[in-house]
Amino acid sequence: GGTGDLTINAGATLDTGTKNLTVAGITTVYGTLTCNASAVSLGSGYSADYALKGSGTITGGTGDITIGATSFTGNGFTKTSGTVTFNTAKVGSQSFAPGVTSSESHYDLGTSSVNFNVDGYGSTFQIEMHSGISKILQITCGTLNIQSKFQIYNTEGEGAGTYNTLKINGNLTVEAGEDFYTYYDTTSDYGSGITVTGDVTVEGTFYGNAAALVTPMTFGSLTI
């Protein structure tokens with residue numbers, strides 16, 4: 001268990017071994033965090049700032065990991081299996097920081113089930129993708145489950161014909177009663193590209209219209 005923040009400096013390693021790990025505040029990883037089969041909670045419901053920061057290495061292992069909002073960048077977050085839940089929209093409404101997309105991060109979570117919800121804090125799970133041009137944010141998983149209202153925030157800054165893309169290497173499920181928006185609102189209606197290599201199952205509602213900036217969407221299959 002723990003209270004406060006955790007920083008893993010470059011060149012340093014924290015290996016959970018057989019212990020569980022809870023960080024109430026901010027976890028910054030520039031070195032290596034090895035999670036094994038441990039239950040790990042990194043800023044679940046932490047609302048004051050991004051709960052996960054840095055650009056080091058997170059070896060997620062096979063246990064269940066819960067994370068608040070994230071600004072972790074790069075390709076260093078990997079996991080074999082288990083569950084990863086992002087459960088917070090921090091003050092300012094961000095769940096994923098703009099830099100996660102502009103640095104073309106890839107969260108390679110293997111066959112894990114990945115959950116997006118705001119059970120920890122917030123009302124709408126929001127990925128901010130308004131930084132950079134023609135960038136791709138990748139999440140590899142078994143299935144990404146949308147468990148609360150979800151939206152992507154893009155702006156006209158990308159320009160006509162260019163856009164940033166969320167690519168899910170796996171399946172996507174929009175759960176019953178939940179909404180998935182590829183755009184922020186209808187007055188600044190600039191959409192994001194969506195690629196899902198696997199199956200898309202919509203039990204709730206998928207809003208893909210973006211009149212001001214039409215973007216392509218590619219699904220392995222679609223079930224409504």
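How many aromatic pairs does the count come to? I got 18 aromatic pairs. Worth noting up front that I'm working on a predicted model.

**Aromatics**

I opened two of the pairs. Phe72 and Phe77 have ring centres 6.4 Å apart and planes at 80°, so I logged the pair as edge-to-face. Both Phe72 and Phe77 are buried. Tyr181 with Tyr183 is also an edge-to-face pair, with 5.7 Å from centre to centre and 90° between the planes. Tyr181 is buried at 16% relative accessible area, and Tyr183 is buried at 4%.

Next I looked at how the rings group. One aromatic cluster takes in Phe72, Phe77, Phe86, Phe96, Tyr107, Phe116, Phe125, Phe150, Phe180, Phe206 and Phe219. So the Phe72 and Phe77 rings I had just checked turn up in that cluster.

I also looked for a charge over a ring. Lys90 sits over the face of Tyr50, 4.8 Å from the ring centre.

**Core**

Which residues touch the most other members of the largest nonpolar core? The core has 47 residues, and the ones I wrote down are Phe86, Phe96, Phe116, Ile127, Phe150 and Leu166. Strand β15, residues 136-146, gives the largest share of this core, with five residues. Phe86, Phe96, Phe116 and Phe150 were on my aromatic cluster list too.

I picked Leu166 for a contact list, leaving aside neighbours within four places in sequence. Leu166 is in contact with Ile127, Met129, Leu137, Ile139, Phe150, Ile152, Gly193, Ile194 and Thr195. Ile127 and Phe150 from that list are also among the residues that touch the most other core members.

**Cysteines**

How many disulfides does the structure hold? Zero. Why no bond for Cys35? The closest cysteine sulfur to that of Cys35 is in Cys141, 17 Å away, which is too far for a bond. I ran the search from the Cys141 end as well, and the closest cysteine sulfur is the one in Cys35, again at 17 Å and too far for a bond. As a reminder to myself, a disulfide is a covalent bond between the sulfur atoms of two cysteines. Then I checked exposure: Cys35 is buried at 1% relative accessible area, and Cys141 counts as buried at 4%.

**Val200**

I found Val200 in strand β19, residues 193-202. Is Val200 buried or exposed? Val200 is buried, with a relative accessible area of 1%. Skipping residues up to four places away in sequence, I have Val200 touching Leu172, Phe219, Ser221, Leu222 and Thr223. Phe219 is a ring I already had in the aromatic cluster. I also took a C-alpha to C-alpha distance to Gly170: Val200 and Gly170 are 9.2 Å apart in space and 30 residues apart in sequence.

**Ser38**

Last stop was a loop. Ser38 lies between β5 (32-34) and β6 (40-42). Despite the loop position, Ser38 counts as buried, at 3% relative accessibility. What does the side chain of Ser38 make a polar contact with? The partner is the side chain of Thr16, at 2.8 Å. Thr16 shows up again in the wider contact list: not counting residues up to four places away in sequence, Ser38 touches Thr16, Gly17, Thr18, Lys19, Asn20, Gly63 and Asp64.

Notes. Residues numbered from 1 in each chain as written. Predicted model: local features only at pLDDT ≥ 70, side-chain atom pairs only at ≥ 80, totals over all residues. Heavy atoms only, no water. Core = buried A, V, L, I, M, F, W, Y, C linked by side-chain atoms within 4.5 Å. Buried < 20%, exposed > 50% of the residue type's maximum accessible area, 1.4 Å probe, protein only. Helix = DSSP H or I, 4+ residues; strand = E, 2+ residues; numbered from the N terminus. Contact = heavy atoms within 4.5 Å. Disulfide = S-S within 2.5 Å. Phe/Tyr/Trp six-rings, centres within 6.5 Å; stacked < 30°, edge-to-face > 60°. Lys NZ or Arg CZ within 6 Å of the ring centre and 35° of its normal. Polar contact = N/O pair within 3.5 Å; in protein donor to acceptor, adjacent residues only side chain to side chain.
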